[in-house]
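I opened this entry to look up the overall fold first and the pockets after that. My notes follow in the order I took them.

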Amino acid sequence: MSNVFLLRIDSPVGRIELLGDDEHLVALTIEDADGSLPHDDEPERPNPVLELAREQLAEYFAGTRTDFELPVRPTGGSDFQRAVWAELARLHWGEATSYGALAQAVGRPGSARAIGGAVGANPIPIVIGCHRVLASDGRITGYSGGQGISTKLWLLGHEQIGFAA
């Protein structure tokens with residue numbers, strides 16, 4: 001990234017840190033269990049892309065936005081992970097999929113465990129809806145963002161996505 005921009009926002013799932021370059025949102029981190037974010041020691045440095053992300057996330061949390069219209073560029077990841085993230089980006093508000101269905105979609109049937117790793121490595125959760133992935137029987141199997149499963153439960157409930165107990 002040529003220039004790195006940083007903005008923090010409050011949300012119902014905890015503080016969120018947004019990172020961007022000149023033209024894209026490149027990372028979103030939800031505060032962890034101890035309330036920290038990766039760049040807490042750095043001053044905010046907003047730009048228009050991050051201001052737009054703040055506005056759209058506020059609308060999402062208020063229930064008035066169901067699709068994000070943000071320029072995103074997930075950083076890092078293997079070709080496989082980027083293919084999984086691209087499939088996740090196709091999911092819309094209230095839609096869920098399974099790890100197995102994602103494996104089929106990226107041409108790797110039988111690789112649900114690897115899919116789980118790629119989903120967990122998603123650098124832009126919420127905007128790229130990794131919380132919308134459930135086990136094939138509809139159960140919640142984990143979530144790597146924020147407070148873990150409780151964060152996923154909140155996001156699923158917010159979007160009215162059903163799941164098996």
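What follows covers the chain as a whole, then its two largest pockets.

Entry 1, the chain. I am working from a predicted model. I looked up the secondary structure and found 5 helices and 5 strands. Read from the N terminus, the order of elements is β-β-β-α-α-β-α-α-β-α. The radius of gyration is 15 Å, close to the 15 Å that the globule rule gives for 165 residues, so I noted the chain as being as compact as a globular protein of that length. Along the principal axes, the C-alpha atoms fill a box of roughly 45 × 30 × 30 Å.

Entry 2, burial and contacts. I looked up burial and got 45% of the 165 residues as buried. For contacts between residues at least 6 apart in sequence, I noted that 60% join residues at least 24 apart. The accessible surface comes to about 7900 Å², and carbon and sulfur atoms hold 50% of that.

Entry 3, the largest pocket. I recorded a volume of about 210 Å³. It has 15 lining residues, and Leu28, Thr29, Asn122, Pro123 and Pro125 are the closest to its centre. Strand 3 (residues 25-30) gives the largest share of the lining, 4 residues. By class I noted 8 nonpolar, 7 polar and no charged residues in this lining.

Entry 4, the second largest pocket. I recorded about 160 Å³ of space here. Its lining includes Thr66, Asp67, Phe68, Trp93 and Arg132. I sorted the lining of this second largest pocket by class and got 8 nonpolar, 2 polar and 2 charged residues.

Key:
Residues numbered from 1 in each chain as written. Predicted model: local features only at pLDDT ≥ 70, side-chain atom pairs only at ≥ 80, totals over all residues. Heavy atoms only, no water. 1 Å grid on protein atoms, 1.4 Å probe; cavity = no way out; pocket = protein on both sides within 12 Å on 5 of 7 lines; lining within 4 Å. Points joined across faces, edges and corners; volume = space filled by probe spheres on them. Helix = DSSP H or I, 4+ residues; strand = E, 2+ residues; numbered from the N terminus. Nonpolar A, V, L, I, M, F, W, Y, C, P; charged D, E, K, R; others polar. Rg over C-alpha atoms; globule rule 2.2 N^0.38 Å. Buried < 20%, exposed > 50% of the residue type's maximum accessible area, 1.4 Å probe, protein only. Contact = heavy atoms within 4.5 Å. Areas by Shrake-Rupley, 256 points an atom, 1.4 Å probe, with all protein chains shown as cover.
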